[in-house]
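Trainee: Please take me through this model by question and answer. Keep the answers short and spell out each cut-off when it first comes up.

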Amino acid sequence: MAIYLDNAATTRVDDKVIEAMTGALNIYGNPSSVYTIGREAKSVLEKSRETVAKVINAETTEIFFTSCGTESDNWAIRGVAETLKEKGNHIITTVFEHHAVLHTCEYLEKNGFEVTYLPVSAEGIINIEDLKNAIRPTTILITVMFGNNEIGTIQPIKEIGTIAREKNILFHTDAVQAFAHEKIDVKDMNIDLLSASGHKIHAAKGVGMLYIRKGIKLTNLLHGGAQEKKRRGGTENIPNIVGFAKACEIAMEEFEENHAKITKMRNHLMERILTEIPHTRLNGSRESRLAGNCNISFDFIEGESILLMLDMNGIYASSGSACTSGSLDPSHVLLSLGCKHEQAHGSLRLSIGKYNTMEELDEVVEKLKPIINRLREMSPLYENFVKGVKGEWEH
Ligand code: PLP
């Protein structure tokens with residue numbers, strides 16, 4: 001049986017979600033139509049919105065369905081930039097955001113906006129003083145991710161939100177990795193805009209949402225019909241939205257149990273690898289970390305080679321974010337922690353989900369050990385290290 005350890009890339013759809021979605025395929029009325037089956041679809045849509053809102057303690061009217069996390073990020077950032085361009089042209093973000101945020105910021109830079117990319121510590125956390133110092137009279141938006149997709153570190157979201165609110169700057173967080181996995185309260189944390197995605201929480205791909213705090217104006221990203229209170233054109237994807245809401249409902253019911261179970265499995269896997277395989281290091285903070293994330297660097301070898309050999313053993317993992325894997329560039333996230341190029345190349349992300357078991361993780365460690373040994377035997381860098389030749393690996 002294959003062992004799936006790439007839950008940060010995407011998750012297996014929960015059987016109960018499939019059941020709910022299959023049922024919803026029969027609700028074929030258009031929610032914008034006024035006759036009975038249209039109203040039926042509308043009612044299902046609104047019920048789903050209510051369920052999703054509860055996950056982050058938002059009002060139902062503050063949830064807007066989108067096609068994915070990427071769309072939500074684009075909408076939030078471009079929407080604020082366009083709306084507030086008369087007020088200012090400065091945005092603050094971090095160097096290690098997902099490309100959905102980074103590339104949107106780069107696009108805006110080409111269109112007259114100025115962006116400050118805050119550095120992160122070796123632990124993968126921003127420094128609040130850096131944030132305070134970066135604020136200018138022209139700052140209109142702070143966008144900082146909740147939990148990092150590669151190294152899993154969680155940012156001091158409430159502190160950032162409090163600073164942003166005091167300074168009257170909008171605060172967006174990309175919570176695609178943290179939504180329904182970590183406790184989030186948009187009111188308590190002073191979050192103005194929040195992005196989430198269904199496929200990271202055992203719903204299907206192709207559905208996401210943007211939380212927009214009541215009263216915030218945002219230009220539309222998709223122009224079209226009057227859907228989503230005239231803010232996002234496009235006929236709503238009812239089966240996917242129903243599935244997303246079902247996944248939220250399940251995640252809330254199972255929250256404490258899953259969080260504790262996944263954290264325990266993650267710690268077990270992490271400790272075993274770090275103690276039983278030499279020349280390994282954990283990337284990112286141990287404490288402020290998403291429950292399921294284990295990202296480890298293996299010196300002297302390539303993460304891609306580890307991945308291929310794990311795959312041959314029926315184990316699915318990742319060497320960086322799914323969107324950048326396949327590219328030869330080292331991960332921008334690992335480089336931002338101060339990792340050297342070779343070290344960044346040798347990283348493995350094992351992301352654990354609710355369907356994993358302790359037995360699976362023990363099997364992964366047992367299979368990983370000979371794989372790492374074999375790859376090191378073939379590595380000229382390891383050979384040099386053994387011979388005592390000074391190189392990149394000193395740290
Ligand atoms: N933001 C983060 C932190 C992510 O991890 C991802 C997906 O990996 C996205 C945004 C994009 O989400 P989606 O795949 O739904 O477009």
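**Chain start**

Trainee: Ala2 lies in the segment before strand S1 (3-4). At 38% relative accessibility, how does Ala2 count?

Mentor: This is a predicted model, so local features need pLDDT of at least 70 and side-chain atom pairs pLDDT 80 or more, while totals for chains, interfaces and linings use all residues. Residues are numbered from 1 along each chain as its sequence is written, and side-chain values use heavy atoms, without hydrogens or water. Buried means under 20% relative accessible area, exposed over 50%, with partly exposed in between (1.4 Å probe, protein chains only). At 38%, Ala2 is therefore partly exposed.

Trainee: Which residues does Ala2 touch, beyond those up to four places away in sequence?

Mentor: Contact means heavy atoms within 4.5 Å. Elements are DSSP runs numbered from the N terminus: helices (H or I) of at least four residues, strands (E) of at least two. Outside the four-place window, Ala2 touches Gly314, Tyr316 and Glu360.

Trainee: How far apart are the C-alpha atoms of Ala2 and Ile135?

Mentor: Along the chain, Ala2 and Ile135 are 133 residues apart. In space, their C-alpha atoms are separated by 48 Å.

**Cores**

Trainee: Which helix gives the most to the largest nonpolar core?

Mentor: A nonpolar core is a set of buried Ala, Val, Leu, Ile, Met, Phe, Trp, Tyr and Cys residues joined through side-chain atoms within 4.5 Å. The largest one has 64 residues; Ile56, Ile142, Phe179, Leu194, Met209 and Phe244 touch the most other members. Nine of its residues come from its top contributor, helix H8 (residues 238-253).

Trainee: How many residues are in the second core?

Mentor: The second core is separate. Its members include Ile262, Ile352, Val364 and Ile371. Its size is 31 residues.

**Helix pairs**

Trainee: How do helix H1 and H8 run relative to each other?

Mentor: Axes are lines fitted to C-alpha atoms, for helices over the stretch in contact, and angles between N-to-C directions run from 0 to 180 degrees. Under 35 degrees is roughly parallel, over 145 roughly antiparallel, 65 to 115 roughly perpendicular, and the rest oblique. H1 (residues 15-24) packs on H8 at about 150 degrees, with the axes 8 Å apart. That makes the pair roughly antiparallel.

Trainee: Which H8 residues meet H1?

Mentor: The H1 side offers Lys16, Val17, Ala20, Met21 and Ala24. Facing them in H8 are Pro239, Asn240, Val242, Gly243, Lys246, Ala247 and Ile250.

Trainee: What is the orientation of H10 and H13?

Mentor: H10 (residues 303-312) and H13 (residues 358-377) pack at about 135 degrees, with their axes 10 Å apart. Ser305, Ile306, Met309 and Leu310 of H10 make the contact with Leu368, Ile371, Ile372, Arg374 and Leu375 of H13. The two helices are therefore oblique.

Trainee: What do the buried residues of H10 pack against?

Mentor: The buried residues in H10 are Gly303, Ile306, Leu307, Met309 and Leu310. They pack against strand S10 (293-298), strand S11 (315-316), helix H12 (341-345), strand S12 (347-351) and H13.

**Single residues**

Trainee: What is the relative accessible area of Ile273?

Mentor: Ile273 lies in helix H9. Ile273 touches Thr280, Ile296, Phe298, Leu350, Val365 and Leu368, leaving out residues up to four places away. Ile273 is buried, at 0%.

Trainee: Which residues are in contact with Ser318, leaving aside neighbours within four places?

Mentor: Ser318 is in the loop between S11 and helix H11 (332-336). Ser318 is buried, at 4% relative accessible area. Its contacts are Asp6, Leu307, Leu348 and Arg349.

Trainee: What is phi of Asn190?

Mentor: Most residues other than glycine have a negative phi. Asn190 sits in the loop between strand S6 (170-174) and strand S7 (193-197). At 16% relative accessibility, Asn190 counts as buried. Its phi is positive, near 55 degrees.

Trainee: Where is His279 found?

Mentor: His279 is not a glycine, yet has a positive phi of about 55 degrees. At 31% relative accessibility, His279 counts as partly exposed. His279 is in the loop between helix H9 (255-276) and strand S9 (280-282).
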